[in-house]
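Trainee: Could you go through this structure with me, one topic at a time? I would like to have it on the screen while we talk.

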Amino acid sequence: MELMVGKTAGFCYGVKRAVDGAKEELKKNETLYGLGEIVHNQEVIKELENLGMQFIENIGEAKGRTIIRAHGIPKQIYEEAKEKEIELIDYTCPKVLKIHDIAEEYAKKGYYIFLLGNKKHPEIIGTLSYCGENKFVIEKEEDTIKALELLEKSEIKKLLVISQTTYSLEKFYIIEEIIKNEIPRNIEVVVKNTICQATEIRQKETEEMAKKVDSMIVIGGKNSSNTKKLYEIAKQYCKTVLLIENETELEDNKIQSTDKVGIMAGASTPKESIEKVIEYLKTVFE
């Protein structure tokens, strides 16, 4: 068996910053809360819980210093925390904060905003709070026409298009093309590709790797948006693709000892998880 491991596999800058920051805070505080899962990876969540971190879903549950996750939060939560005198330790990814600034700036200028992403994802929920009243979340290509119809009904003549940092680059370009082809000429369109560069590079590397291997393993949380996209990309170019959170989920019968196996991991996947998968494959097949 020949293994090919992605150079971009594992923690991105924003996730590493949040997780490392939480661990440092846990050394100083007996009580530390996390508002929502700090990252979408159960291995990381369990490790932090074992160190003493308590995860909550509502800021009202906090009784002390509280970590803001890499995905960010709606701006009203900052106000609620201030009212309750809860100290927030903000580890929102700087790339996400930049999108908040862009959304707020253009909303104040009267732009209608199309936000590309998963409407249930915490990053999108947070970003929407900066988009003003005139906004629409486009999850997939088919949503674009409905979005354009709502824009036309609003009679607003200015449109901003932005996206979730981990959105599919391929879908972004398809939707951008649909908008440019279908939108009336009298509407000003500003398109800002706010997909994180690390996400773009990881998606491209996944595609190239999937074309070269017999089997592909994508490691990451089942609720991780960026990991799911890597899995979807790999499936387009490779016949056998497994999506796992850790080595215990490997299905031996789908991978052969003669296979060239590609290993890629999502931005929330710790290095240890990748190493355990590699070690497992070497133990079983070598």
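Trainee: To start with, how many disulfides does the count come to?
Mentor: Taking a disulfide as a pair of cysteine sulfur atoms within 2.5 Å, the count comes to zero disulfides. Cys12, for instance, is in no disulfide, and the nearest cysteine sulfur, which belongs to Cys93, is 6.1 Å away. Before we go on, keep in mind that this is a predicted model, in which local features need pLDDT of at least 70 and side-chain atom pairs count only at pLDDT 80 or more, while totals for chains, interfaces and linings use all residues. Residues are numbered from 1 along each chain as its sequence is written, and side-chain values use heavy atoms, with hydrogens and water left out.

Trainee: Okay, and is Cys12 buried or exposed?
Mentor: Cys12 counts as buried, because its relative accessibility is 18%, and buried means under 20% relative accessible area, exposed over 50%, and partly exposed in between, using a 1.4 Å probe and protein chains only. Cys238 is buried too, with a relative accessible area of 5%.

Trainee: Switching to sheets, what is the strand order in the one that has β7 in it?
Mentor: The order is β7-β6-β8-β9, in an open sheet of four strands with parallel pairing. Strands here are DSSP runs of E with at least two residues, helices are runs of H or I with at least four, and both are numbered from the N terminus; two strands pair if DSSP finds at least two bridges between them.

Trainee: Which strands stand at the edges there?
Mentor: Those are β7 (135–138) and β9 (188–191), and each has a single partner strand, so one side of each is left without a neighbour in the sheet. On average, neighbouring strands of this sheet are turned by 20 degrees against each other, with direction ignored; the axes are lines fitted to C-alpha atoms, for helices over the stretch in contact, and angles run from 0 to 180 degrees between N-to-C directions.

Trainee: What about the pairing of β6 with β8?
Mentor: Strand β6 (residues 112–116) pairs with strand β8 (residues 158–163) in the parallel sense over five bridges, and Ile113 stands opposite Leu160 in β8. On its other side in the order, β8 pairs with β9 in the parallel sense over four bridges, where Val161 stands opposite Val191 in β9.

Trainee: Which helices lie on that sheet?
Mentor: Helix α4 (residues 94–108) packs on the sheet and touches β6, β8 and β9, with its direction making about 170 degrees with that of β8; contact means heavy atoms within 4.5 Å. Helix α6 (residues 143–154) lies across β6, β7 and β8, and runs at about 170 degrees to β7.

Trainee: And what is the order in the sheet with β1?
Mentor: That open sheet of four strands has the order β1-β12-β10-β11, with parallel pairing. Its edge strands are β1 (2–5) and β11 (240–244), each of which pairs on one side only. Further in, strand β10 (residues 215–219) and strand β12 (residues 260–265) run parallel and are joined by five bridges, and Met216 has Gly262 in β12 as its bridge partner. Helix α8 (residues 197–212) lies across β1, β10 and β12, running at about 165 degrees to β12.

Trainee: Going back to β1, what is Val5 in contact with?
Mentor: Leaving aside its neighbours within four places in sequence, Val5 is in contact with Met209, Ile263, Ile274 and Ile278. Val5 and Ile278 are 273 residues apart in sequence, yet 8.8 Å apart in space, C-alpha to C-alpha. Val5 counts as partly exposed, at 37% relative accessibility.

Trainee: New topic: at what angle do α1 and α2 pack?
Mentor: Helix α1 (residues 13–28) and helix α2 (residues 42–50) pack at an angle of about 10 degrees, with their axes 10 Å apart. They are therefore roughly parallel to each other, a label for angles under 35 degrees, whereas those over 145 count as roughly antiparallel, 65 to 115 as roughly perpendicular and the rest as oblique. Val19, Ala22, Lys23 and Leu26 in α1 meet Val44, Glu47 and Leu48 in α2.

Trainee: Last one: where is Glu85, and what is its phi?
Mentor: Glu85 is in the loop between α3 (75–83) and β5 (88–90), and its phi is near 55 degrees, a positive value in a residue other than glycine. Most residues other than glycine have a negative phi. Glu85 counts as exposed, at 73% relative accessibility.
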